[in-house]
Amino acid sequence: MSTTYRLGVLEGDGIGAEIVPSSVEIATAAARATGVSVDWVPLPLGATAIASHGTPVPEETKEALAGLDGWFLGPHDSVSYPEPHKSALNPSGTLRKHFQLFANIRPAKSFPGAKAVCDSADLVIVRENTEGFYADRNTYAGTGEFMPTRDTAIMMGIITREATERVARVAFDLARSRRKKVTIVHKANVLKLTTGLFRTVCQEVAEEYPDVAVDDFHIDAMTVHLVRRAQDFDVIVTENMFGDILSDLAGEISGSLGTAPSINASATTAMAQASHGSAPDIAGQNAANPVAMILSGAMLLEWLGAKHGDEALGAAAQLMQTAVADTIAAGTSTRDLGGSASTTEFTAAAVKTIGATGQS
Ligand code: ATP
């Protein structure tokens, strides 16, 4: 008996209204071609939810998400929200925290035929998602930042053994299915207790994986190594803020931030979310690159396929990835990759590729 997967669709802000429908269109085509049944469930989030529900992440959205198999999350432009929403934990942070999506998995891979600083990069950043130097993840209430005087601001960073161990295991398991190398990124020469603990716990977990090679770098040195020799890295594991910064860099080096996908996962739930933000500078122009969001969707289908032992989901994910790569290789890409296609033109070309592949 075939399963129908129920997936949430949360467009979010800025280019979300362009790239999320694109990713849903391509996932729908891939699902149809591989016999996967998907029920799409649109839910309010972001500025439109503030207008309709008075909050960027309505309770009804959280309740509905809890009953779904996963969801596609568009970017948010929380700095443009009116107070008090602007100062509160942003929508993706809220969902990561609420559902304890502790592992943010961010691949950076170059596409044949697309311009890139490093055209042979193929790495994955595994970013701890629930604590670290993102102060707003570290409190039950409040944002983890406070100002005792007008001229003094204090933030709180937290690293725990438990959170580090679970994200390290995700990184080492992933490395086993790839080139068997993990790089731990920290700043243990200065932040000795916090990132020192992160490094130590990752190294302890590494002992359980004698078949995986391990090295480690300070975050500042790592930016240099990435620019010089991104192709040498396989899996990189790091804390929350370092991972956020490093993954923008890795995405851009391997092509464009517009091609950098991610999922946020716990052991039981996953959320597809492009690594980039809402790109307000190009929103509404039909110019955004939908690739990161499409590939994030493919990662979610792959994750679900592994969870349910459903090979058809894996095939649908593969079809989405191939459609994107083939479309770019055939010369259709958006401006950020040096092409001239609009978001909708790229989407139509990729859907056509899936149609052709699905029929063959
Ligand atoms: P956030 O903090 O929410 O992640 P950000 O400040 O890092 O956001 P982005 O919104 O990611 O900023 O945009 C950074 C730059 O990358 C902008 O110039 C934007 O136009 C570009 N960019 C981001 N995503 C895309 C995309 N999908 N297609 C094309 N350009 C993009």
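In this predicted model, helix α6 makes a good starting point: Thr195, Gly196, Phe198, Val201, Cys202, Val205 and Ala206 are its buried residues. An α-helix has 3.6 residues a turn, so residues three or four places apart point the same way. The helix runs over residues 194–206, 13 residues in total, and spans 19 Å between its first and last C-alpha, close to the 18 Å expected at 1.5 Å a residue. What do the buried residues of α6 pack against? Their partners are the strands β5 (122–128), β8 (181–186), β9 (213–218) and β10 (235–238), together with the helices α5 (161–176) and α8 (240–253).

Let us look at one of these residues, Thr195, which sits in helix α6. Thr195 counts as buried because its relative accessibility is 1%. Its side chain reaches the backbone nitrogen of Lys187 at 3.1 Å. Setting aside neighbours within four places in sequence, Thr195 is in contact with Phe133, Ile159, His186, Lys187, Ala188 and Phe242.

Another link to α6 involves Glu162, which belongs to helix α5. Glu162 and Val201 are separated by 39 residues in sequence, while their C-alpha atoms are 9.1 Å apart in space. Is Glu162 buried or exposed? With 62% relative accessibility, Glu162 counts as exposed.

Now for the wider layout. The domain assignment of the chain gives domain 1 (1–107 + 261–360) and domain 2 (117–253). Their C-alpha centres lie 24 Å apart. Across the boundary, 16 residues of domain 1 are in contact with 21 residues of domain 2.

The nonpolar cores come next. In soluble globular proteins, nonpolar side chains tend to be buried together. Here the largest nonpolar core holds 66 residues, and those touching the most other members are Phe72, Val237, Ile263, Met320, Val324 and Ile328. Helix α9 (residues 291–308) supplies the largest share of this core, eleven residues. Both domains take part, as the core draws at least three residues from each of domain 1 and domain 2. Apart from this core lies another, of 18 residues, including Val185, Met222, Phe233 and Ala250. Returning to Val324, and not counting residues up to four places away in sequence, the residues it touches are Phe111, Val291, Ile294, Leu295 and Phe346.

Arg106 is a polar residue worth a visit, placed in strand β4 (residues 103–109). Why does Arg106 count as buried? The reason is its relative accessibility, which is 3%. The side chain of Arg106 makes a polar contact with the side chain of Ser275 at 3.4 Å. Beyond four places in sequence, Arg106 touches a long list of residues, among them Arg96, Leu123, Ile125, Arg127, Asp244, Ser247 and Pro261.

On to the ligand. Which residues are the closest to the ligand? Of the 13 residues that surround the ligand, the closest are His276, Gly277, Ala279, Asp281 and Asn289. The table gathers some polar distances to it.

| Residue | Atom in the protein | Atom in the ligand | Distance |
|---|---|---|---|
| Gly277 | backbone N or O | oxygen | 2.6 Å |
| Asp281 | polar side-chain atom | oxygen | 2.9 Å |
| Asn289 | backbone N or O | nitrogen | 2.9 Å |

Ala279, one of the closest residues to the ligand, also brings us to the backbone geometry. Most residues other than glycine have a negative phi, and most peptide bonds are trans. Ala279 has a positive phi of about 40° although it is not a glycine. This residue is in the loop between β12 (270–273) and α9, and at 22% relative accessibility Ala279 counts as partly exposed.

Lys180 also has a positive phi, of about 60°, and is not a glycine either. Its place is the loop between α5 and β8. Is Lys180 buried or partly exposed? Lys180 is partly exposed, its relative accessible area being 36%.

One peptide bond also deserves a check in your viewer. A cis peptide bond joins Glu83 and Pro84, with omega at about 10°. Pro84 lies in the loop between β3 (70–73) and α4 (91–98).

Notes. Residues numbered from 1 in each chain as written. Predicted model: local features only at pLDDT ≥ 70, side-chain atom pairs only at ≥ 80, totals over all residues. Heavy atoms only, no water. Helix = DSSP H or I, 4+ residues; strand = E, 2+ residues; numbered from the N terminus. Expected span 1.5 Å × (residues − 1). Buried < 20%, exposed > 50% of the residue type's maximum accessible area, 1.4 Å probe, protein only. Contact = heavy atoms within 4.5 Å. Core = buried A, V, L, I, M, F, W, Y, C linked by side-chain atoms within 4.5 Å. Domains from an automatic or database assignment. Near = heavy atom within 4 Å. Polar contact = N/O pair within 3.5 Å; in protein donor to acceptor, adjacent residues only side chain to side chain.
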